[in-house]
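Me: I keep meeting words like "buried" and "antiparallel" when people talk about structures. Can we go through one and check where those words come from?

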Amino acid sequence: MTLLTWDHACTVGVRAMDDQHGILMDATNELRLALVRGCGREKLCELLDRLIEYTRIHFCSEEQLMEKAGYAGLAEHRAKHRKMLADLMQTAHRLQYGGGGELRALLCELHNSYLQHIETSDQPYGPCLNARGIC
Ligand SMILES: [Fe+2]
Ligand SMILES: [Fe+2]
C-alpha cells in the first residue's frame, strides 16, 4: 500500500491551502498505516471521523478564499466538495458496518479521490487567488 506523498505537483500556490492539504494527507496516511498495522474497526472509524472533520474545515476555508477572490468556478467547486463529503460519510458508514475485506478498497478510493481533487479542482484556483494577493 503506497502512502500519499507531498510534492510540488500537489502545490496549489496558496500557503494556507497547501498546509491544510498536507494535514489531510497526513490524516489519510495515518488511516492507511492503521489498516496495515491491523488496527480494529473502532480505531479506523475514529481516524476516518477525524479525517472527515479536517476535510470539512478545509473545504470551508477553501470556499471562503475562493469567494473572497471572486473565483468563477466557486459554485462548481462547492458542489464537488459536497459530493466528496457525502461520499466520505458513506465510506464511514461502510467502514462501520461493512465486511472487513472491503476496508482496503475503501481506503484506496479515499487516497485517489483526495489526490484527484487537488490536482484537477484545487490547482486551477491558485492563479486566480494569487492575482488577488492571496498567496
Ligand atoms: Fe477543493
Ligand atoms: Fe483543497
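Me: What makes Q90 count as exposed?
Reply: This is a predicted model, so we work from its computed positions. Q90 has 11 C-beta neighbours inside 10 Å, and exposed means 12 or fewer, so Q90 counts as exposed. Q90 is in helix α3. The C-alpha atoms of Q90 and T120 are separated by 22 Å, with their places 30 residues apart along the chain.

Me: And R78, why is that one called partly exposed?
Reply: R78, also found in helix α3, has 15 C-beta neighbours inside 10 Å. Exposed stops at 12 and buried starts at 20, so R78 counts as partly exposed. M66 is 12 residues from R78 along the chain, and their C-alpha atoms are separated by 9.8 Å.

Me: How do you know how to class L35?
Reply: Count again: L35 has 17 C-beta neighbours inside 10 Å. Buried needs 20 or more, so L35 is partly exposed. L35 sits in helix α1. Leaving aside neighbours within four places in sequence, L35 is in contact with L44, L103, R104 and L107. Take L107: it is 72 residues from L35 in sequence, yet 8.8 Å away in space, C-alpha to C-alpha.

Me: What makes α3 and α4 roughly antiparallel?
Reply: Their axes cross at roughly 170° and come within 11 Å. Anything over 145 degrees counts as roughly antiparallel, so α3 and α4 get that label. Where they meet, H77, K80, M84, D87, T91, R94 and L95 of α3 face E102, L103, L106, L110, S113, H117 and S121 of α4. That contact is a mix: five nonpolar residues, five polar and four charged.

Me: How do you know that the length of α4 agrees with what a helix should span?
Reply: α4 has 21 residues, which should span 30 Å at 1.5 Å a residue; the end C-alpha atoms are 29 Å apart, so the two agree. You can try the check on α2 (residues 41-69) as well: its 29 residues reach 42 Å from first C-alpha to last, close to the expected 42 Å. Just after α2, G70 takes a positive phi of about 65°.

Me: Which residues of α2 and α4 are buried?
Reply: In α2 they are L44, L47, L48, L51, T55, E62 and M66. The cover over them includes α1, α3 and α4. In α4, the buried ones are L107, L110, Y114, H117, I118 and D122, and they pack against α1 and α3.

Me: What makes a group of residues a nonpolar core?
Reply: They have to be buried, come from the nonpolar kinds on the core list, and be joined through C-beta atoms within 7 Å. The largest such core here has 10 residues: L31, L44, L47, L48, L51, L95, L107, L110, Y114 and I118. α2 and α4 each supply at least two of them. A second, separate core has seven residues, including V12, V14, M66 and Y71.

Me: What does I118 touch, apart from its neighbours within four places in sequence?
Reply: I118 is in contact with C10, H21 and Q123.

Conventions
Residues are numbered from 1 along each chain as its sequence is written. Chains are lettered from A and ligands numbered from 1 in the order in which they are written. This is a predicted model: local features need pLDDT of at least 70, side-chain atom pairs count only at pLDDT 80 or more; totals for chains, interfaces and linings use all residues. Axes are lines fitted to C-alpha atoms, for helices over the stretch in contact, and angles run from 0 to 180 degrees between N-to-C directions. Helices (H or I, at least four residues) and strands (E, at least two) are DSSP runs, numbered from the N terminus. Angles under 35 degrees count as roughly parallel, over 145 as roughly antiparallel, 65 to 115 as roughly perpendicular and the rest as oblique. Two residues are in contact if their C-beta atoms, placed from the backbone, lie within 7 Å. Ala, Val, Leu, Ile, Met, Phe, Trp, Tyr, Cys and Pro count as nonpolar, Asp, Glu, Lys and Arg as charged, and the others, Gly among them, as polar. The expected span of a helix is 1.5 Å times one less than its number of residues.
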